[in-house]
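Trainee: Hi, have you got a few minutes to go through a structure with me?
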Amino acid sequence: MSIPSAAAASRARPAAAPAAGPPNPPPPGSGAPPPPLYADRVKVYPKAVQGRWRQVKWALLTVCLAIYYVVPWLRWDRGPLAPDQAVLIDLDAGRAYFLWIEIWPEEVYYVTGLLILAALALFLATSLLGRVWCGYACPQTVWTDLFMLVERLIEGDRNARMRRDKQPWSADKVARKLAKHAVWLLIAAVTGGAWILYFVDAPSSFGPILHGEGSVATYSFIALFTTTTYLLAGWAREQVCTYMCPWPRIQGALLDENSIVVTYRNWRGEPRGKHKLGTEWDGRGDCVDCMQCVVVCPTGIDIRDGQQLECIGCGLCIDACNGVMAKVGRPPNLIGWDTLANQEARASGRKARYRLWRPRTVLYVILIAITAMVMVAALSSRASVELTVQRDRNPLFVTLADGSIRNGYTVKVSNKSWEPQTFRLSVDGLTGALLSLADAPDSLTDLSARPDAVATRRVFVTVPADSSVAESSSIVFRARRQAGGDSASHDSIFLAPRK
Amino acid sequence: MPTKIEKDAVTGRSTTGHEWDGIKELNTPLPRWWLYVFYACIAWSVGYYVFYPSLPWVHGVLGWSRRAELAETMQAERERIRPMLERIRATPIAAVDRSPELRDFAFAGGRAAFADNCAPCHGAGGAGAKGGFPALVDDEWIWGGDLAAIERTILYGVRSSHPDTRASQMPRFGADQILTAAQIADTAEHVLSLSGRSTDGAAAARGSAIFADNCAACHGPAGRGNVELGSPDLADRIWLFGSDKAAIAHSIHLGRGGVMPAWNTRLDEATIKMLTVYVHSLGGGR
């Protein structure tokens, strides 16, 4: 492993912005006081860059934003009684809908499965391709990139922004800053507003929310998400990745020397130095020390310091460097996607070799397959009826006039289908036990449940007198759908007085 | 106070002049924002003393109190359910039980009223208690178990001071020397035989005649009881005052009879109807 520790990467950080960084520590024993341990934030002014990876980043940004804003509007026909929004978390009714899948509150473990699947996919992607999630698909990256685009359109590119920030306040500066924050807030509000649509019916709620007819809770949440989007994407930016996000620390453990990551080809670039057009390249490296890789970096680091915690693997430095290499007439990809093992191989003249199938990637693929199969199996065998039985606790049993012993239970039958159903209740495991509905003792033990609802009834189990029933006996309740098919059972006990 | 202001080399701030284990503390002022928040908190607390009841005998200029707020909430809640209570009051008890809407409301209201008023004697689940507090979950009713009978029992009580109360008196056969101890023992043996539990056939046979002369008038020749008179069924398995021979003999000796207050003086009509629905639903209603 040749990945430096996070601490080493942090120490290397001031080098990323030599103009504004704190002074280098003086050599030990020089007598001068040590510099403070606290370093102020060095404001990052990323420069615009053109190139292949920038194109990929724009494309993925568009796809991610499109998914986020379009998904609440997708329809899915579930019949007349159910909501027809494809993805909907209906908190009031306690139902979550995801295409053909419907989840009741007690089935939240499906969501757990989905999260496990997402985590494993992230593990696999990271061990294969490094931090592609961070660089291209993470919401923090996507919205920050969008906010930077706005900033660039209004305030200009890196140099213009730096210059303006140093100038005293002028009408132009105020106007541009106001415009930028206004657009940021607008994007943030649209982001927060779209989030709400995952929890309500989008077409019928969108208008009222826009016209100020939504609930206080709705506006509070929109305000909350607007504020967080504005602060995180507009102000905090790379600090979220470096200081707030736990993921970079975890990713360090997922990467190895065979992961394809953004790397600086040390062996080709060094020794670096300024280059005059027309002079020879002998005896020096390809790196002309133009700092373009640093000024385009959204987290403000120098990729030439090696793998480091702050690098989100977005590849913008590759584009910047390739532009320069083309200008000075050197081959591209001095900074490029490669594995650390290949870099060492190339440096020592051996053949580069990609190893995608490694024990860890194989393990991730197997785990993903297992999790997916378990989830598919669980979803396809999801029961449309569920039965729960709760024993009366007070009194535990009742002696009736004829000496028979009666226990009371509350049964709940969940009808998870969209048609009304009738269920026949029965009880097993105790000879002579009679089941009856508490409010209709003489009728059949049939129980009707409305579509997508829980039917609750009190029932009695009675054991005739002198039937030598034990103090406690296990019994099984069963609810069988009259229309045929599904049934559900629930264990309980029957209590009788001590003999 | 330190005599000499000492500057810290790294930060340029003065120190407090004190030294603890070689460590000197910087004389750093509080952060401005912290200070302002602190002042705001002081202003807030002063405002709190002025506007809200926070000192004994000082009630605050707003006149607000937790107790008044509770009373207001309770009043609002009473207003909210008043129409429903009014409907229940105006509906005969049998009709209340037939209407799903009224029945559900009455069940919930009855359960709350039961916990407040009935549970101390009859148990939180209506299981009753030894010594004359009948179980309300079983299927024996001394004074009748249909809705009308239960409602009447709750309204006027049993052996209460109300003129319409349910009342009957079992004679004190032993204490008033109507029967001898031997006769009482024989009668108890006969009573045991009514539910098939006698072990002494001869005594039971002797008791049979005594029972016919003294007890059958109220309890019936077969001991099946009579809800008109409030005389319990002696041939079933439910025993309010104990089922062994000694307990039965004791009941004959002393004469038994529980007391229940008349609730019409304490609870309103609607509440009593709700209680009736709830008790009727406990499992033994006829």
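Mentor: Sure, let's talk about salt bridges and then a sheet.
Mentor: This is a predicted model, where local features need pLDDT of at least 70, side-chain atom pairs count only at pLDDT 80 or more, and totals for chains, interfaces and linings use all residues. Residues are numbered from 1 along each chain as its sequence is written, chains are lettered from A and ligands numbered from 1 in the order in which they are written, and side-chain values use heavy atoms, with hydrogens and water left out.

Trainee: How many salt bridges does the structure hold over all chains?
Mentor: Over all chains there are 46, each being a side-chain nitrogen of Lys or Arg within 4 Å of a carboxyl oxygen of Asp or Glu.

Trainee: Which residue forms one with A:Arg265?
Mentor: That is A:Asp338, with the closest N and O atoms 3.0 Å apart. A:Arg265 lies in the loop between strand E4 and helix H12 of chain A and A:Asp338 in strand E5, so the pair ties together parts 73 residues apart in sequence. Helices (H or I, at least four residues) and strands (E, at least two) are DSSP runs, numbered from the N terminus.

Trainee: Is A:Asp338 buried or exposed?
Mentor: Buried, at 0% relative accessibility. Buried means under 20% relative accessible area, exposed over 50%, and partly exposed in between (1.4 Å probe, protein chains only).

Trainee: New topic: what is the strand order in the open sheet?
Mentor: The order is E11-E9-E13-E14 in chain A, with antiparallel pairing; two strands pair if DSSP finds at least two bridges between them. The edge strands are E11 and E14 of chain A.
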